Amino acid sequence: MRLSRYFLPVLKENPAEAQIVSHRLMLRAGMIKQAQAGIYSWLPLGFKVLRKLENIVHEEQMRAGHIPMLMPTLQSADLWRESGRYDDYGEEMLRITDRHGRDMLYGPTNEELITDIFRSHVSSYKDLPMTLYHIQWKFRDEIRPRFGVMRGREFYMKDGYNFDLTKEDALHAYNRHLVSYLRTYERMGLQAIPMRADGGPIGGDYTHEFLVLAETGESEVFYDSEVTDLSFGDRAIDYDSVEQCQAVLEEFTSRYARTDETHDEALFNEVPEDRRRVARGIEVGQIFYFGTKYSEAMGATVQDRDGKPVPVHMGSHGIGVSRLLGAIIEASHDDKGIIWPEGVTPFHAGIVNLKQGDEEADAACETLYAALEAAGLEPLYDDRNERAGGKFATMDLIGLPWRITVGPRGLKNGVVELTSRRTGESEEMPPEEAVKKLVKIYEGHLVKGL
RNA sequence: CGGGCUAUAGCGCAGUCUGGUAGCGCGUCCGUCUGGGGGACGGGAGGUCGUAGGUUCGAAUCCUGCUAGCCCGACCA
């Protein structure tokens with residue numbers, strides 16, 4: 001993309017309404033624009049990152065054997081009356097009436113809808129196990145939306161639902177989700193720690209939340225410092241293996257790690273004192289096993305081997321995709337702007353032409369731009385007739401992890417400059433070598449965007 | 001929902017107390033010079049002052065209602 005043809009309305013000053021750093025940076029980097037309290041338009045740069053996150057989620061869900069689909073945002077109130085949640089959910093649910101006076105709602109979640117689909121089409125234990133998921137906009141009429149996309153009223157969420165014949169099978173689905181979530185967050189450059197959580201209105205005894213540590217997090221968290229040493233890495237895993245998934249769950253959840261909701265001071269004190277940590281975290285996902293709560297209420301049964309109808313065991317699992325943008329920025333920025341992890345960056349490298357209009361510099365930038373695209377990377381070429389300082393400041397603000405600086409001075413010696421946004425370190429090299437180096441850096445990090 | 005606050009140009013703000021032709025910085029447009037970390041000079045464009053009503057010869061300014069947004073708290077991906 002050439003910056004001169006892109007739409008990137010960056011702001012030099014901090015908008016008054018934004019208090020936390022991720023919100024400020026998203027506004028300043030021209031990623032979002034507030035439409036109403038807790039409702040945002042996604043401008044091109046923000047939309048590009050959102051799509052990349054979404055695609056990572058899809059890839060990891062499908063890798064785990066889960067099946068993508070799409071359910072509507074508007075749902076029928078009758079389904080929710082059936083589960084009993086139409087009254088339970090309260091003011092947070094946005095209720096709508098259509099022209100015929102029928103009660104509808106903008107879905108805050110999809111347990112009812114998915115259960116209805118399941119019961120209409122699945123009747124045999126032979127069709128199980130099955131896990132369906134979708135990524136769709138949700139609406140929860142929060143009393144007080146804030147922090148930009150971190151607590152919007154409208155938000156983009158992946159929610160998945162597993163259907164299993166037995167509790168044991170459903171718990172394997174639970175473990176499988178935990179593993180796939182660990183992989184998902186790591187690909188996004190995040191450390192998200194699974195912590196024992198509270199069931200909330202969705203209910204259920206087995207539930208973990210995934211928390212990203214950040215000072216601006218809304219939850220207070222208590223953990224054994226050993227949990228932050230764990231990483232899933234690129235180990236191979238068989239998602240169908242009960243033992244392997246169980247082992248990962250034990251590895252990642254056996255140490256003390258809880259949010260304030262479930263915090264137990266006595267248990268926490270059993271952690272050696274030098275490893276006890278109290279911090280704040282941003283919740284970016286949650287997994288539940290809730291047994292037959294919805295299947296019984298809504299008659300979602302299958303016939304077992306003996307031909308008898310039995311309610312299926314279910315769980316649900318969510319990742320707050322739009323919230324992840326805020327969480328990633330909270331976890332990865334400095335006073336100049338965002339620092340995108342390689343896995344989610346909207347563009348892989350920025351090209352800064354120091355002397356736009358200089359024949360040699362322009363030509364070198366064009367060649368470099370074409371070479372990066374040919375190599376499968378997405379460069380952002382700042383071809384505006386701006387001064388160097390302005391171009392650098394924009395690149396730093398929008399946070400591309402790598403920058404190639406092209407100027408007459410370097411070109412005299414046949415070199416350009418490759419700079420890491422994270423460390424600020426620069427290295428001079430011929431343009432072809434910079435391309436090679438970037439290709440290597442992004443190996444395994446390429447995600448389809450827009 | 002309880003408590004606090006705000007609304008004036010795309011963004012950040014002054015002007016309101018004490019009513020009298022709506023301003024500044026940034027951005028933006030044009031021109032000249034400049035050119036390795038938001039440069040300089042000159043010239044432009046852009047606002048029914050959130051909204052409805054009231055007081056007044058005259059309202060951004062005073063009064064009343066409404067709306068929207070922000071912050072702290074309790075709730076949530």
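The questions and answers below go through the predicted model of chain A and RNA strand B, from domains to single residues.

User: How are residues, chains and ligands labelled, and what kind of model is this?
Analyst: Residues are numbered from 1 along each chain as its sequence is written, chains are lettered from A and ligands numbered from 1 in the order in which they are written, and side-chain values use heavy atoms, with hydrogens and water left out. Local features need pLDDT of at least 70 and side-chain atom pairs count only at pLDDT 80 or more, whereas totals for chains, interfaces and linings use all residues, since this is a predicted model.

User: Which domains does chain A have, and how far apart are their C-alpha centres?
Analyst: The assignment, which is of the automatic or database kind, gives domain 1 (12–337) and domain 2 (347–441). Ten residues of domain 1 are in contact with eight residues of domain 2, where contact means heavy atoms within 4.5 Å. The C-alpha centres of domain 1 and domain 2 are separated by 38 Å.

User: Which element gives the most residues to the surface near RNA strand B?
Analyst: A residue is near the strand if one of its heavy atoms lies within 4 Å of it, and of the 44 such residues Arg144, Arg151, Glu283, Arg387 and Asp396 come nearest. By residue type this surface divides into twelve nonpolar, 15 polar and 17 charged, with Ala, Val, Leu, Ile, Met, Phe, Trp, Tyr, Cys and Pro counted as nonpolar, Asp, Glu, Lys and Arg as charged, and the others, Gly among them, as polar. Helices (H or I, at least four residues) and strands (E, at least two) are DSSP runs numbered from the N terminus, and the element that gives the most, with seven residues, is α12.

User: Which residue has a side-chain N or O atom 2.8 Å from a base nitrogen of RNA strand B?
Analyst: Polar contacts are pairs of N or O atoms within 3.5 Å; within protein, one must be able to donate a hydrogen and the other to accept it, and residues adjacent in sequence count only if both atoms are side-chain atoms. A polar backbone atom of Ala16 is 2.8 Å from a phosphate oxygen of the strand, while a backbone N or O atom of Glu386 lies 3.5 Å from a base nitrogen. The side chain that lies 2.8 Å from a base nitrogen is that of Glu13.

User: Which strand supplies the largest share of the lining of the largest pocket?
Analyst: On a 1 Å grid over the protein atoms alone, a pocket is an open set of points with protein on both sides within 12 Å along at least five of seven lines, a cavity is a set where a 1.4 Å probe fits but cannot get out, and lining residues have an atom within 4 Å of a point. The largest pocket has a volume of about 990 Å³, this being the space filled by probe spheres set on the points, which are joined across faces, edges and corners. Of its 42 lining residues, the closest to the centre are Arg140, Glu209, Glu283, Gln286 and Arg323. The largest share of the lining, seven residues, comes from β13.

User: What volume does the largest cavity have?
Analyst: The structure holds one cavity of 30 Å³ or more, and the residues that line the largest cavity include Trp42, Trp137 and Glu154. Strand β2 (residues 39–42) gives the largest share of that lining, three residues. The space in this cavity is about 30 Å³.

User: Which residue that is not a glycine has a positive phi?
Analyst: Most residues other than glycine have a negative phi, and most peptide bonds are trans. The peptide bond from Leu128 to Pro129 is cis, with omega near -5°, and Pro129 lies in the loop between α5 (111–121) and β7 (130–139). In the loop between β7 and β8, the residue with a positive phi of about 60° is Phe147.
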